[in-house]
Amino acid sequence: IESASNLQQQQQQQDSDDSDSDSNTDEHQQQDKDEDEDDTNMESDSSSTTPAPPITNQTLASYYSNRAAASTMILRYDDALFDCDRAIELDPTFLKVRIRKARVLTSMGRWKEASIAYSRAMVYDPNDAVLVKAGEEVKKLQRRFDLLPVLLDGSGGGGKKRA
């Protein structure tokens, strides 16, 4: 009687395990089916979305300007200057990149070109006090560097050398 009871319990346990595995299989099949439906929905959703708007010159100019800023931060002034020039070609009214170009030229020690760049930027915003001041500072630096050879010459410009 005991072995018959054990056999009956084992049979019930096996039936229970089989039904669990069947339900697990059913769950996995349902999940797979749901995922397939999601994939199908995603495909139909992506075809119904509107395409991205075309990239404008202003957008490209801002990309070049941002890359110029990054190049400046890592002291790659030639690359920054190149990107500033590309941005100005794309959007000549982009004041920020004109200022960035002037700052890059200042950092490179190209005072005359920096002064010209500031002057060209002031065409677009002549009342910007910071811009006007930066332009004046570059002109002062240019004058100082122009005087540097005279000061380093040692003759003082007006004195005669004694023999």
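Let us start at a residue on the outside: Ile-55 counts as exposed because its relative accessibility is 56%, above the 50% cut-off. Ile-55 sits in the loop between α1 (2-48) and α2 (57-73). Together with Leu-60 and Tyr-63, Ile-55 makes a nonpolar surface patch of about 300 Å². Please keep in mind, as you look around, that this is a predicted model.

Now step back to the whole chain. The protein chain has six helices and zero strands, so reading from the N terminus you meet the order α-α-α-α-α-α. Of its 163 residues, 20% count as buried. The accessible surface of the chain comes to about 12400 Å², and 51% of that belongs to carbon and sulfur atoms. Among contacts with a separation of 6 or more, 48% are made by residues 24 or more positions apart.

From the surface we can go inside. The largest nonpolar core has 20 residues, and those touching the most other members are Leu-95, Val-97, Ile-99, Leu-105, Tyr-118, Ala-121 and Leu-131. Helices α2, α3 (77-90), α4 (95-107), α5 (111-124) and α6 each supply at least two residues of this core. The most comes from α4, which gives six residues. Leu-105 offers a good place to look at the surroundings: setting aside residues up to four places away in sequence, Leu-105 touches Leu-81, Arg-110, Glu-113, Ala-114 and Ala-117.

Another inward-looking stop is Gln-142, in helix α6 (residues 129-153). Gln-142 is buried because its relative accessible area is 15%, and the cut-off for buried is under 20%. Apart from neighbours within four places in sequence, the contacts of Gln-142 are Trp-111, Lys-112 and Ser-115.

The loops deserve a visit too. Between α2 and α3 you will find Leu-75, which has a positive phi of about 65° although it is not a glycine. Leu-75 counts as exposed, with 59% relative accessibility. In the loop between α5 and α6 is Asp-128, and a polar atom of the Asp-128 side chain lies 3.1 Å from the backbone nitrogen of Val-130. At 22% relative accessibility, Asp-128 counts as partly exposed.

Finally, let us turn to the charged side chains. Side chains of opposite charge can pair when their charged atoms come close. The model has six salt bridges. One of them joins Asp-79 and Arg-76, with 2.7 Å from N to O. Asp-79 is partly exposed, with a relative accessible area of 31%, and Arg-76 is also partly exposed, at 46%.

Helix α3 holds another pair, Glu-89 and Arg-86, whose side chains meet in a salt bridge of 2.5 Å, N to O. These two are separated by about one helical turn because they are three residues apart in helix α3. Glu-89 counts as exposed at 55% relative accessibility, whereas Arg-86 is partly exposed at 21%.

Helix α6 offers a further example. Glu-137 forms a salt bridge with Lys-140, and their closest N and O atoms are 3.8 Å apart. Glu-137 and Lys-140 are three residues apart in α6, so about one helical turn separates them. Glu-137 is partly exposed, with a relative accessible area of 36%, and Lys-140 is partly exposed as well, with 37%.

Methods
Residues numbered from 1 in each chain as written. Predicted model: local features only at pLDDT ≥ 70, side-chain atom pairs only at ≥ 80, totals over all residues. Heavy atoms only, no water. Helix = DSSP H or I, 4+ residues; strand = E, 2+ residues; numbered from the N terminus. Buried < 20%, exposed > 50% of the residue type's maximum accessible area, 1.4 Å probe, protein only. Contact = heavy atoms within 4.5 Å. Areas by Shrake-Rupley, 256 points an atom, 1.4 Å probe, with all protein chains shown as cover. Patch = residues over 30% accessible without salt bridge, like charges linked within 9 Å, V, L, I, M, F, W, Y side chains within 5 Å. Salt bridge = Lys/Arg side-chain N within 4 Å of Asp/Glu carboxyl O. Core = buried A, V, L, I, M, F, W, Y, C linked by side-chain atoms within 4.5 Å. Polar contact = N/O pair within 3.5 Å; in protein donor to acceptor, adjacent residues only side chain to side chain.
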